[in-house]
Structure formats: C-alpha cells, structure tokens
Amino acid sequence: MENNLDLYNTLTKKVERFVPNEDGKVKMYTCGPTVYHYAHIGNLRSYIMEDVLEKFLRFSGYDVKRVMNITDVGHLASDADTGEDKMLKGAKREHKTVMEIAKFYTDAFMSDCAKLNIKTPDVVEPATNCIADFIHMVEALLEKGYAYLAGGNVYFDTSKLAKYYVLSNQNAEELAVGVRESVEEDENKRSKTDFVLWFTKSKFEDQELKWESPWGVGYPGWHIECSAICMKHLGETLDIHCGGIDNVFPHHTNEIAQSESYLGHKWCNYWFHVLHLNDATGKMSKSKGDFLTVSLLEEKGYDPLVYRMFCLQSHYRKPLIFTYEALDNAAVAYGKLVAKIAALSPDGAVEEEKLAELKAQFLEAMDNDINTSSGLTVLYDALKADANDATKRAAAALFDEVLSLGLLAAAQRMKEEKSGAGLDGDLVGFIEAKIAERKEAKKAKDFARADAIREELAAKGIAIKDTREGTVWERM
Ligand code: AMP
Ligand code: ZN
C-alpha cells in the first residue's frame with residue numbers, strides 16, 4: 001500500500017516514513033488510564049491525539065487493530081515501584097472496594113471519551129483479566145535469566161541488557177536524583193534501574209487484590225501489564241505504541257526491556273508520545289487533587305468538543321498550556337466553523353474531482369507528523385474554495401472522519417435552532433424521530449414508507465432533503 005505518512009519516532013528521535021510490518025495493516029497499542037480517579041483533561045489530550053492518529057491511519061486506508069489496557073491493579077504512587085497502590089488509595093479515599101472504584105472510573109473514562117468523540121479501541125482489557133498472562137511472562141523471564149527473586153518479589157534484571165535506555169537519554173546520575181527524591185529505596189533491587197515484575201511481599205497489609213502465583217500470593221507490577229496485554233491481542237510484533245510523554249521513562253523503557261528479553265527480537269517499531277497539557281501552575285496530575293475534568297468544563301458551559309478543537313489547534317509534540325481564555329478562543333473558532341458549514345446549501349451535486357483535490361490537500365497536511373492545525377487550515381480553505389456548497393459540505397464531512405469535531409451534526413443543530421425559532425421542542429423531536437424512521441425504512445428498502453414519511457412531514461410544513469452526509473430539514 002502506498003502511503004506518505006511521516007511520523008516522529010521517540011525510538012530514533014527522528015521523523016520517519018511510517019512503514020508497518022504487514023502491508024496495509026497497523027497494530028497499535030495505547031497505555032490506558034489508571035482508574036483510581038477521573039481522567040483530567042491532560043490525560044484526555046493524549047487520548048484525543050492518539051484517536052486522531054488511529055483515525056488518520058484508517059482514513060489513509062489501513063486496517064487498524066488498536067488495543068488499550070485499563071490499569072486496575074499494580075500502579076504504585078511512584079512510577080519507580082514505590083509508594084502506595086494508586087487503586088487502594090482511591091478506594092480508601094471513597095470508602096469503597098478497589099473493584100468498585102475501578103468500575104466507576106472506567107465507566108467515567110469511557111463516558112468522557114464518548115463526549116470527546118474518541119473512538120473506543122478495538123480491544124479494551126482490564127489488567128485484572130490477565131493475571132495468568134502476566135504470570136506466564138514473568139515465569140519465562142525468570143527461565144531465560146532476565147529476572148530474579150529477592151525479598152519475595154520478582155525483579156527484572158536490567159544488568160542483563162546491552163542497552164537499557166533505548167528511548168530516553170537518561171544517564172545514571174539523573175536517575176540517582178530520581179531515586180533520592182522517591183519515597184523509599186527498595187533494598188532488594190540489585191541495581192537502581194531494576195523493576196518489579198511481580199510483588200508478593202507487599203508493604204501493604206490491606207492490599208485488596210491478590211492472586212496465587214508460583215512465588216506466593218501477590219500482584220503484578222505495572223509495566224508487565226502493558227507488555228502482556230499487548231502481546232495477548234497483537235502478537236509478537238507491534239507497529240505503534242502510544243502514550244503521554246511521562247511514560248517514556250520508566251514505563252515504556254521497562255516495557256521494551258522485558259518484551260524484547262521475552263521475545264528475543266525487536267518488539268515495537270514506532271513510539272508515539274503526546275506532550276503534556278499544563279496549567280498555569282505546572283503539569284496537570286491526578287495525584288495533585290484539584291484538576292480539570294470534562295464534567296467541570298461542561299458545568300462551566302463548554303461543549304466538550306470545544307476542548308477537542310483546542311487540542312487539535314496545536315501539534316501533539318508541543319507542550320500545551322491550558323487557560324480559560326484560550327478555551328474561549330477555541331469556542332469562538334468552533335462556532336464560526338460550524339456556522340460556515342450550517343450556511344452551506346445542501347443543493348447540487350458533489351464535484352468529485354474537486355473533492356479529491358481537497359482530500360489530497362488534507363492528506364498532505366496530516367501526513368506531516370499528524371499536523372492537526374494544518375489539517376484544520378485545509379478545512380477552512382476548503383470552505384472558501386472555488387467549489388459548490390455540496391462539495392464543501394462533503395469535504396467537511398470527510399475531514400471530520402479524522403478530526404471528529406461533530407461538525408455536520410453541530411451545523412444541523414444550529415440550522416434547526418434557527419429555523420426552529422417558534423417551533424416547539426415537541427415538533428423538533430417529532431421531525432427528528434420521523435427522519436430516523438425514514439432512514440430505517442430506506443435501509444429496509446421500504447420506499448413507499450419513506451415517501452409516506454416525507455409527505456407526513458410536508459403536511460406539517462417541513463421539507464426534507466437527502467444529502468451524502470444524511471438527511472437535513474427546513475421549514476417550507
Ligand atoms: P494515567 O491514567 O495516569 O496512567 O495516564 C493516562 C495517560 O495520560 C498516559 O498516557 C499519560 O502519559 C498521559 N498523561 C498524564 N498526564 C498528562 C498531561 N498532563 N498531559 C497529557 N497527557 C498526560
Ligand atoms: Zn502502558
């Protein structure tokens with residue numbers, strides 16, 4: 001398959017032409033949320049940009065399989081395996097069980113994603129479903145001599161690797177600083193960079209989730225989750241692994257160490273990292289307590305898709321500062337864009353050649369390392385292009401398959417609100433229900449019924465029109 005996507009790869013620190021292992025197919029893995037609290041809009045920036053990447057790959061013609069884990073066990077307060085279990089902390093905070101917390105915040109995360117038009121990955125797997133897979137991988141690492149038992153825990157032995165820092169330029173000195181700052185040092189580790197694969201000697205008497213293992217009752221380390229869940233669903237090679245930039249070290253570095261030691265060959269070719277969303281006080285973090293959520297933005301009257309727009313206006317490899325002023329600007333830009341689309345007449349036939357030209361421009365912009373702000377510029381330009389309204393609408397609908405700003409739906413709502421001035425809500429609901437019914441009738445090839453619905457609406461003074469992007473209505 002021909003493709004021109006250039007993607008920045010954290011592994012090589014270069015923008016490279018994307019070439020998947022298997023022609024036409026992309027295997028993609030995303031680190032999912034740790035479900036001990038709501039996702040903050042910083043986490044969601046990462047998921048929005050990963051969603052755009054996935055959708056753009058599909059738009060370019062790839063068959064994509066994307067897998068995401070849900071971390072419901074094993075992620076300790078410090079990424080370096082120290083501190084309290086995050087899930088247990090959440091459970092104590094809310095006087096609930098760990099599984100109750102996991103269910104509640106997984107649902108909340110999925111609901112936030114839905115509001116932001118983030119597609120659910122093909123596979124979403126909670127870590128607690130895969131304990132046997134983790135144990136199998138840890139056993140294999142022990143057998144191959146890449147792991148050791150100490151003080152009851154199983155550790156990965158980083159001294160067995162020719163090169164451990166494959167993703168970051170971290171040196172031993174920087175790491176030592178990190179260790180000094182961390183809550184406590186784990187005396188069982190032979191080397192500071194070693195990490196826990198399986199905990200049995202838990203420091204926490206009240207750890208709720210524990211499983212039998214060959215090394216005693218315990219629970220998995222955080223890093224092993226992602227490697228094992230990824231391989232369970234995507235096999236021994238991976239095209240793209242995604243996450244926020246904070247995951248580069250230690251999480252992704254450790255994932256590479258254990259996965260390649262286990263497999264005996266290279267695992268993942270492209271590493272895609274989204275830079276952080278910061279607020280005026282610094283990086284947004286769940287552990288800090290007061291952080292911005294989608295619900296909070298909604299309470300303040302913002303459409304969640306305005307936040308998506310705000311994210312798309314910037315490149316994923318640049319840090320982004322959140323302010324309400326910037327969000328207000330995004331809201332204005334979003335409103336203008338929707339108004340432009342709402343003003344397009346659905347009449348006329350799409351000029352296919354022109355549309356293909358506009359599509360090529362969009363592909364070119366996005367091929368340049370998922371440059372969403374250029375993609376938006378192409379959309380603005382398309383709306384000003386020398387083309388008829390039907391073509392412009394079709395271009396907006398096409399680009400929105402990737403941008404997912406809900407542009408056509410928002411434009412239709414805007415039109416309805418305008419033409420609906422004076423129409424009561426019941427009538428608008430009636431019209432929408434009839435349009436949905438007619439769509440079903442047409443799907444079932446019951447054209448007589450479809451025509452009858454058209455006439456029924458006409459009798460109420462409502463004209464409907466079928467466009468490529470769906471049925472629109474207006475007052476006669
Ligand atoms: P967590 O739920 O803490 O495991 O994080 C979920 C995802 O959000 C991971 O990919 C993190 O790297 C990412 N992330 C964490 N903080 C931020 C931030 N401030 N901005 C963007 N992404 C973030
Ligand atoms: Zn992960």
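Analyst: Contact here means heavy atoms within 4.5 Å. The model is predicted.

User: What covers the buried residues of H16?

Analyst: The cover includes helix H15 (425-443) and strand S17 (462-467). The residues they help to cover are Ala450, Ile453 and Leu457, each called buried because its relative accessible area is under 20%.

User: What puts these buried residues on the same side of H16?

Analyst: Around the axis of H16 they cover an arc of only 60°, so they lie on the same side. On the other side are Ala448, Glu455 and Ala459, which are exposed; that word requires a relative accessible area over 50%.

User: What span is expected of H16, and what does the helix reach?

Analyst: H16 (residues 447-459) has 13 residues, and 18 Å is expected at 1.5 Å a residue. From first C-alpha to last, H16 reaches 18 Å, close to that expectation. Gly461, with a positive phi near 85°, follows H16.

User: Why are H12 and H13 called roughly antiparallel?

Analyst: The axes of H12 (residues 372-384) and H13 (residues 389-403) cross at roughly 170° and come within 9 Å. Angles over 145 degrees count as roughly antiparallel, and H12 and H13 are therefore placed in that class.

User: Which residues make the contact, and how many of them are nonpolar, polar or charged?

Analyst: H12 contributes Leu376, Val378, Leu379, Ala382, Leu383 and Lys384, and H13 contributes Lys392, Ala395, Ala396, Phe399 and Leu403. Nine are nonpolar, none is polar and two are charged. Lys counts as charged, whereas Ala, Val, Leu and Phe count as nonpolar.

Terms used:
Residues are numbered from 1 along each chain as its sequence is written. Chains are lettered from A and ligands numbered from 1 in the order in which they are written. This is a predicted model: local features need pLDDT of at least 70, side-chain atom pairs count only at pLDDT 80 or more; totals for chains, interfaces and linings use all residues. Side-chain values use heavy atoms; hydrogens and water are left out. Helices (H or I, at least four residues) and strands (E, at least two) are DSSP runs, numbered from the N terminus. The expected span of a helix is 1.5 Å times one less than its number of residues. Buried means under 20% relative accessible area, exposed over 50%, partly exposed in between (1.4 Å probe, protein chains only). The arc is that of the directions from the helix axis to the C-beta atoms. Axes are lines fitted to C-alpha atoms, for helices over the stretch in contact, and angles run from 0 to 180 degrees between N-to-C directions. Angles under 35 degrees count as roughly parallel, over 145 as roughly antiparallel, 65 to 115 as roughly perpendicular and the rest as oblique.
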